[in-house]
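Colleague: Please take a close look at the salt bridges in this model. When the pairs are described, go on to whatever else is worth reading alongside them.

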Amino acid sequence: MFPKKDLTGYSCDVPLIQPVFAVVVIQSETETSGMLALHPFRWLARIKNGGLVNQFFMALMVTIPVLNFGMLMGWQSPMTPLLQDPGGPAPEPISDETISWMASITFFPPIFCGCLVGDLADRWGRKTTTLLTSLMLVISWVITLFSLRPWALITSRAVAGLACAGCYVVTPLYLKEIASDNVRGALGSLFILSQNLGYLVVYVAGDVMSFGAVMWLCTAVPVLHIFAFLAMPETPVFLVKQGKFKEARAALAWLRNTSVEDKKLEEAVQQLEREEEVAKSMTKASWKSIVQDKTTFKAFRISLNVMLSQETCGYLVVLMYAGSIFEQASESISLKLSPNKQTIVVGVIQLLGSIVASCIVEKTGRKWLLAGTSLATGLSMLALGAWFYVTSLAVWLPGWLPVLAMCLCIFADAAGYQPVPYVITSELFSFQHRGMVTSFVSSVDALSDFLQTKAYDPLLKLLGIHWVFIMFSMVCFLGTFYTVLYVPETKDRSIEQIYAVLEDSRKKEKRKDAEVGKQTSRL
């Protein structure tokens, strides 16, 4: 290859220059094409060597009950018109009161059995409790298969409430304990993604399949899951807790796609063993230990607040009112969709948001993704409330505005406001407290959902839909401010690092209080 001055500083014939550039170009093209050809294989090899394929496969298996629970919750939307049709599959048309109880009773059992499910997960294991969750879903669907009378429909939903507790308590624990640190958030966000996929599946099935076919499809999913999940491993964390170190090492080796003799694997198992020894030397995890330890109690308050903000943001109301928004929008724009098509649109938006959450949660971090999506949800709620208020005054506004606000609300909620609090809650506690806190928070969330679904109509009649949306937007804004001020970033941090941040912020708060006290005393 010639020096640069030989090509620019001295005169030379063109035939001499052309071969030089030809060699350079050919060589660079060959190297580039080789790099491009090898890049996908290197990428796949990196995923395989890191065990990400096995971890994602395990996560998908763990979240199948959540997918089926999403199908169960979404089933009511396309099937209610059929159940209330005099010529439908039900022996008698189902009343609005029965439909209301079907929607709300699902969240009633988790209020009381959430803590019980958490205790079962700590005693019997995450795997056994997940299998019991699928079994409850099978029983729920079978009841509906045999009878569509009001008592059977309500009983079916009550049994599904037991599965609801299993999904919302055990699944986040399972995902946290099988995931490597670098994919912990992505796997944790699969929880809401699976639920939203379940919604979409049953929406589409209800539009293209018969009533009976949809019922058998929904029943087949948990039945097949029970048989398939028997081959799945228990979490290494729980196996170490039970003193089954050999089984824990084998499970971790499979999840990381490495050999049992791997040095990094041995270090990971030893770390779990040390944590278990520390746990045994400590007093048994209890609510008293959570309250007495100031840092742990602060983590508990943060977990409870972010989950309550998520559950009381009015997302359920938006979903309930989606049909009315589409209907009013069709009056001013050419948007005429059947009820089933409307629910499919909503399901697609939910799923897209969940996919975005899974893709970006490891890049953006938990804190700012939660803050950004809660702010976007609040703004869209405020826009919906303002639109309904202004139009109630006989002022014309374009019909695409509420549709756009509704789509933004659903997307932002699925992209962060729904999944991230579950990820944060699972990361804020060690496995000694994780089951207790998750089960308690899930019970509180279930109580919130039950009250919202039952109080929706009275609240609507008392305040009007515009004030309902404005009120929920305020909840979202409060959640945003709380996240920015108090929620720590948990991405790529161990429990010790997270608690060090919480302890440091608690000391800063004490110093501020002391300074304020001194200033007050001087005054």
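Modeller: This is a predicted model, and a good place to start is Asp122, Arg126, Glu177 and Lys241, which are linked in a network of salt bridges. Within that network, the side chains of lysine 241 and aspartate 122 meet with an N to O distance of 3.9 Å. The cut-off for a salt bridge is within 4 Å, so this pair is counted. Aspartate 122 belongs to helix α6 and lysine 241 to helix α11 (residues 236-241), so their contact ties together parts that are 119 residues apart in sequence. The two partners fall into separate accessibility classes: aspartate 122 is buried, at 16% relative accessible area, whereas lysine 241 is partly exposed, at 25%. The limit for buried is under 20%, which means that aspartate 122 qualifies and lysine 241 does not.

Helix α6 (residues 109-123) also holds a pair within itself. There, arginine 123 and aspartate 119 form a salt bridge of 2.8 Å, N to O. They are 4 residues apart in the helix, so about one helical turn separates them. Arginine 123 is exposed, with 55% relative accessible area, and aspartate 119 is partly exposed, with 33%. Side chains of opposite charge can pair when their charged atoms come close.

A further salt bridge joins lysine 491 to aspartate 492, with 2.9 Å between N and O. Both partners count as partly exposed, lysine 491 at 23% relative accessibility and aspartate 492 at 44%. The whole model has 7 salt bridges, by the rule used here.

Aspartate 492 needs a second look, for its backbone. Aspartate 492 sits in the loop between α23 and α24 (495-522), and its phi is positive, about 60 degrees, although the residue is not a glycine. Most residues other than glycine have a negative phi. Alanine 394 is another such case, with a positive phi of about 65 degrees and again no glycine at the position. Its loop runs between α19 (366-392) and α20 (400-417). Alanine 394 is exposed, at 73% relative accessible area.

From there the surface can be followed to a group of nonpolar side chains. Tyr389, Leu393, Val395, Leu462, Leu463, Trp467 and Met471 form a nonpolar patch on the surface, and together they have about 690 Å² of accessible area. Helices α22 (431-463) and α23 (465-486) are the elements that give two or more residues to this patch. Tryptophan 467 is one of the patch residues; it is placed in helix α23 and is partly exposed, at 45% relative accessible area. Patch residues must have over 30% relative accessible area, so tryptophan 467 meets that condition.

Helix α22 also leads to the interior. A search of the whole structure gives 4 cavities of 30 Å³ or more, and the largest cavity has about 340 Å³ of space. Its lining consists of 27 residues, and those closest to the centre are Phe107, Tyr168, Glu311, Gln418 and Asp449. The elements that give two or more residues to the lining are α4 (64-83), α8 (150-178), α9 (184-208), α15 (294-311), α16 (315-320) and α22. Of these, α22 contributes the most, with 5 residues. By type, the lining of the largest cavity has 16 nonpolar, 8 polar and 3 charged residues. Helix α22 is therefore named twice in this description, as a contributor to the nonpolar patch and to the lining of the largest cavity.

Helix α15 can be followed a little further. Asparagine 305 is located in helix α15, and this residue is partly exposed, at 32% relative accessibility. The C-alpha atom of asparagine 305 is 9.3 Å from that of proline 421, although the two residues are 116 residues apart along the chain.

To return to the salt bridges, the pairs described take three forms. Arginine 123 and aspartate 119 pair inside helix α6; lysine 241 and aspartate 122 pair between helices α11 and α6; and lysine 491 pairs with aspartate 492, the latter being in a loop.

Conventions
Residues numbered from 1 in each chain as written. Predicted model: local features only at pLDDT ≥ 70, side-chain atom pairs only at ≥ 80, totals over all residues. Heavy atoms only, no water. Patch = residues over 30% accessible without salt bridge, like charges linked within 9 Å, V, L, I, M, F, W, Y side chains within 5 Å. Areas by Shrake-Rupley, 256 points an atom, 1.4 Å probe, with all protein chains shown as cover. Buried < 20%, exposed > 50% of the residue type's maximum accessible area, 1.4 Å probe, protein only. 1 Å grid on protein atoms, 1.4 Å probe; cavity = no way out; pocket = protein on both sides within 12 Å on 5 of 7 lines; lining within 4 Å. Points joined across faces, edges and corners; volume = space filled by probe spheres on them. Nonpolar A, V, L, I, M, F, W, Y, C, P; charged D, E, K, R; others polar.
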